[in-house]
Amino acid sequence: MTETARPMRRQEIREQNERLILQAAEKVFAEAGFGGATMQLIADVAGLPKANLHYYFATKEDLYRRVVQEIFEIWLRAADAMDDAEGPAQGIAAYIDAKMEISRRHPHGSKVWASEVMHGAPVIQDYLETTLRNWTEGRIAVINRWIADGRMAPVDPRHLLYMLWATTQHYADFSHQIETLNGGAPLTDRQWAEAKASVKTIILRGIGVI
């Protein structure tokens, strides 16, 4: 005798619908940009009535900001490895691993962020001036502490962070180019592992920790 499936609770339905909407919005905003995206198109991709979108997100800008916030919060969690690490070799290596895995699993979100910033951040400039600036200053403090302790080369922490972001996010933002140069196919699990190892070796040698 099979067990009857438990009916979904209202909160579970809400969370499921929000996740469908956010996944669809990531894809549409990445491909069409903020200006080209419409709530109707996002609803079509999500497979939900347009009214559902407006129930959860009153405007397109609300939805867009939530998409940007989601990818940024994922990136923030990736930096936890740096904060809690024994030293720069472990912390920066773990950060590279985490950021490249995010590029692999959330390429649309990364592209939305990149497009927004390249257009002068017309929607999220306040986010850059507050949350991103505060986060960056916190990571700079960690790197400066490692430098002061003689645990890594005295590089400019800000430019090290820019290099880490540019390198790891390249695998999402320029995924089509990478796939083209890979014979028209996405990177395999083995190729992703090799890419992570190469990036870590190049950067960690550059800062004098291996």
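A residue counts as buried when its relative accessible area is under 20%; keep that cut-off in mind, because Tyr171, at 18%, falls on the buried side of it. This is a predicted model, so let's walk through it with the viewer open.

**Stop 1: the whole chain**

Start with everything shown as a cartoon. You should find 11 helices and 0 strands. The C-alpha trace spans about 55 × 50 × 40 Å along its principal axes. Of the 210 residues, 40% are buried. Turn on a surface next: the chain exposes about 11,700 Å², with carbon and sulfur atoms supplying 53% of that area. Colouring by charge picks out 24 positive and 27 negative side chains, and the centres of these two sets lie 2 Å apart. For contacts between residues at least 6 apart in sequence, 67% join residues at least 24 apart.

**Stop 2: helix α7**

Now select residues 107–118, which make up helix α7. How far apart are its end C-alpha atoms? They are 16 Å apart, in agreement with the 16 Å expected for 12 residues at 1.5 Å a residue. Show side chains for the buried residues of α7: Gly109, Ser110, Val112, Trp113, Ala114 and Glu116. Then add what covers them, including α1 (10–36), α4 (60–78), α8 (125–148) and α9 (157–173). Just after α7, click on Gly120, where phi is positive, at about 85 degrees.

**Stop 3: aromatic rings**

Trp113 also leads to the next selection: ring pairs link it with Phe72, Trp75 and Tyr127 in a cluster. The whole structure holds 11 aromatic pairs. One to select is Tyr162 with Trp165: the ring centres are 5.8 Å apart and the planes meet at 55 degrees, so this pair is tilted. Both residues belong to helix α9, and being 3 residues apart puts about one helical turn between them. An α-helix has 3.6 residues a turn, so residues three or four places apart point the same way. Are the two partners buried or exposed? Tyr162 is partly exposed, at 38% relative accessibility, whereas Trp165 is buried at 18%.

For a last selection, take Tyr171 and Trp192, a tilted aromatic pair with 5.7 Å from centre to centre and 50 degrees between the planes. This pair links distant parts of the chain, with Tyr171 in helix α9 and Trp192 in helix α11 (residues 189–206), 21 residues apart. Here, Tyr171 is buried at 18% relative accessible area, and Trp192 is buried at 8%.

Note on methods. Residues numbered from 1 in each chain as written. Predicted model: local features only at pLDDT ≥ 70, side-chain atom pairs only at ≥ 80, totals over all residues. Heavy atoms only, no water. Helix = DSSP H or I, 4+ residues; strand = E, 2+ residues; numbered from the N terminus. Expected span 1.5 Å × (residues − 1). Buried < 20%, exposed > 50% of the residue type's maximum accessible area, 1.4 Å probe, protein only. Contact = heavy atoms within 4.5 Å. Areas by Shrake-Rupley, 256 points an atom, 1.4 Å probe, with all protein chains shown as cover. Lys, Arg positive; Asp, Glu negative; His and termini not counted. Charge placed at Lys NZ, Arg CZ, Asp CG, Glu CD. Phe/Tyr/Trp six-rings, centres within 6.5 Å; stacked < 30°, edge-to-face > 60°.
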